Amino acid sequence: QVQLVESGGGSVQAGGSLRLSCAASGRPFSPYSMGWFRQTPGKERDFVGAITWSGGITYYADSVKGRFTISRDKVKNMVYLQMNSLKPEDTAVYYCALRRSITVGTYDSWGQGTQVTVSS
């Protein structure tokens with residue numbers, strides 16, 4: 001029932017910034033957490049970071065710590081990924097995803113993805 005739609009992707013030069021947005025539709029909206037993942041052609045989706053919906057606690061992959069920041073707006077049912085100091089290695093399709101369960105670590109809903117391209 002929940003639909004996730006990402007936006008904000010684009011092309012930037014190394015060192016630049018982008019902010020990705022993920023809008024969730026469907027009521028009620030009360031996930032355990034919202035996550036961001038990324039994928040390049042021929043590779044599996046990698047975890048980027050997540051935020052618990054209730055408390056706003058964030059988690060990040062080591063590769064993006066200090067550069068990326070996840071936030072959420074509980075009124076608008078949106079989650080954001082602020083990406084700073086972008087590197088060519090960050091080039092990927094970025095997806096937002098919803099995790100329903102506090103005990104089961106799988107993600108139940110996925111967005112369509114948005115392309116991020118970082119040039120050197």
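This report covers the nonpolar core, the disulfide and a surface patch of a predicted model.

Local features need pLDDT of at least 70 and side-chain atom pairs count only at pLDDT 80 or more, while totals for chains, interfaces and linings use all residues. Residues are numbered from 1 along each chain as its sequence is written, and side-chain values use heavy atoms, without hydrogens and water.

The largest nonpolar core (buried Ala, Val, Leu, Ile, Met, Phe, Trp, Tyr and Cys residues joined through side-chain atoms within 4.5 Å) has 26 residues. Met34, Trp36, Phe68, Leu81, Met83 and Tyr94 touch the most other members. At least two core residues come from each of several strands (DSSP runs of E, at least two residues, numbered from the N terminus), including E3 (18-25), E4 (33-39) and E9 (92-99). Leaving out residues up to four places away in sequence, Phe68 has contacts (heavy atoms within 4.5 Å) that include Arg38, Tyr60, Leu81, Met83 and Tyr94.

There is one disulfide (a pair of cysteine sulfur atoms within 2.5 Å) in the model. Cys22 and Cys96 form this link, with their sulfur atoms 2.0 Å apart. Cys22 lies in strand E3 and Cys96 in strand E9, 74 residues apart. The link is right-handed, with 50° about the S-S bond.

Relative accessible area is used to class residues: buried is under 20%, exposed over 50%, and partly exposed in between (1.4 Å probe, protein chains only).

| Residue | Relative accessible area | Class |
|---|---|---|
| Cys22 | 1% | buried |
| Cys96 | 0% | buried |
| Tyr59 | 43% | partly exposed |

Tyr59 belongs to strand E6 (residues 58-60).

Notes. Helices (H or I, at least four residues) and strands (E, at least two) are DSSP runs, numbered from the N terminus.
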